[in-house]
Amino acid sequence: MRFGRRRRGEPRTPGESRYYVRAADPADLPAVLAMKLASWREAYGELRDAEFFDRAEATLEQQVEHWAGLQHRGTGIWLAEDLTDRVVGMASLDPGETGELGEPGAPGPAQLTTLYVLAEAQGTGVADALLRAALNHAAPSLTPDPAIPDPPLPDVVLTVLENNPRAIAFYTRHGFEQVGEPIEMTGPWAGLREIRMVRRGDRSW
């Protein structure tokens, strides 16, 4: 499926695809984060009880404030919408810092912090389009340097629940590889384990 791209408020044209992806504005955050919480219920409903999700949804206002701060500090946030402007997916990426690897001009890893798509839009290419937007955001985060005409791309890292084979298969298909052993989670997610995956910057984007 082809995905349209348009700015907020821009009119659609006949034949536009069913979903489109665009950068999220601060005003989009309540709808984006409400969608994220709905996708939690779909994805993790068998792993946590209803009270877990109720508590998370009760803090939506605080989450909006937190994510607005992240966005202001450089975290990229994208959303996927249907033709009624209803949010069906989101992705976010922290572009990281340059020089983190201890080498002049070498980029530190970027982190894909979220990628969620409602069940109704899974299998349509929405997740692929969101991931592509996030990966493309990582490269321009490097500071242009005339002495480095072709600067190295950063690695992109993420964490995913160990018992989420669908997500692991998706990231593997897009060039991510597991690194290290599963890590025990704490706090509200205690009792579960997550794995770390990385997509090397020397791969074709």
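In the hairpin of E2 and E3, four residues sit between the strands, and Asp85 takes a positive phi near 70°. That turn is a handy place to start a tour of this chain, which is a predicted model. Strand E2 covers residues 76-82, and six bridges join E2 to E3 in an antiparallel arrangement. Two of the facing pairs can be picked out by name: Ile77 stands opposite Ser92 in E3, and Leu79 stands opposite Met90, also in E3.

On to strand E3 itself, which spans residues 87-94. Seven of its eight residues are buried, so E3 is largely enclosed by the rest of the structure. E3 also pairs with strand E4 (residues 110-117), again in the antiparallel sense and over six bridges. Here Asp94 stands opposite Gln111 in E4.

Stepping back, these strands belong to an open sheet of seven strands, ordered E1-E2-E3-E4-E5-E7-E6, with mixed pairing. The edges are E1 and strand E6 (177-184), each of which pairs on one side only. From one strand to the next, the twist averages 25°. In total the chain has five helices and seven strands, and reading along the sequence gives the pattern β-α-α-α-β-β-β-α-β-α-β-β. Of its 205 residues, 44% count as buried. Contacts between residues at least 6 apart in sequence are also worth a look: 58% of them join residues at least 24 apart.

At one edge of the sheet, strand E1 (residues 19-23) contains Ala23. With a relative accessible area of 46%, Ala23 is partly exposed. Leaving aside neighbours within four places in sequence, Ala23 is in contact with Asp28, Ile77 and Trp78. Ile77 has come up already, as the residue opposite Ser92. Ala23 and Ala133 are 110 residues apart along the chain, yet their C-alpha atoms are separated by 8.6 Å.

Now for the helices. Helix H1 lies across E2, E3, E4 and strand E5 (156-161), and runs at about 100° to E3. Helix H2 (residues 50-58) has the buried residues Phe52, Phe53 and Ala56. Looking down the axis of H2, these buried residues fall within an arc of 90°, so they line one face of the helix. What do they pack against? The buried residues of H2 pack against helix H1 (29-44) and helix H3 (60-72).

The meeting of H2 with H3 can be described in more detail. The axes of the two helices come within 5 Å and cross at roughly 60°, which makes H2 oblique to H3. On the H2 side, Ala56, Glu57 and Ala58 take part, and they meet Leu60, Gln62 and Gln63 in H3. Sorted by character, the residues of this contact come out as three nonpolar, two polar and one charged. Ala56 therefore turns up twice, once among the buried residues of H2 and once in the contact with H3.

Helix H5 (165-173) also has distinct sides. Its buried residues are Ala167, Ile168, Phe170 and Tyr171. They cover an arc of only 160° around the axis, which puts them on the same side of H5. The face turned away from that buried side carries the exposed residues Pro165, Arg166 and Arg173. As for partners, the buried residues of H5 pack against E4, helix H4 (126-138), E5 and strand E7 (193-199).

Just past this helix, the loop between H5 and E6 holds His174. Is His174 buried or exposed? At 19% relative accessibility, His174 counts as buried, because the cut-off for buried is under 20%. Not counting residues up to four places away in sequence, His174 touches Asp128, Leu131 and Arg199. One of these, Asp128, is 46 residues from His174 in sequence and 8.5 Å from it in space, C-alpha to C-alpha. H5 is followed by Gly175, whose phi is positive, near 95°. A positive phi was also where this tour began, at Asp85 in the hairpin of E2 and E3.

Note on methods
Residues are numbered from 1 along each chain as its sequence is written. This is a predicted model: local features need pLDDT of at least 70, side-chain atom pairs count only at pLDDT 80 or more; totals for chains, interfaces and linings use all residues. Side-chain values use heavy atoms; hydrogens and water are left out. Buried means under 20% relative accessible area, exposed over 50%, partly exposed in between (1.4 Å probe, protein chains only). The arc is that of the directions from the helix axis to the C-beta atoms. Contact means heavy atoms within 4.5 Å. Axes are lines fitted to C-alpha atoms, for helices over the stretch in contact, and angles run from 0 to 180 degrees between N-to-C directions. Angles under 35 degrees count as roughly parallel, over 145 as roughly antiparallel, 65 to 115 as roughly perpendicular and the rest as oblique. Ala, Val, Leu, Ile, Met, Phe, Trp, Tyr, Cys and Pro count as nonpolar, Asp, Glu, Lys and Arg as charged, and the others, Gly among them, as polar. Two strands pair if DSSP finds at least two bridges between them.
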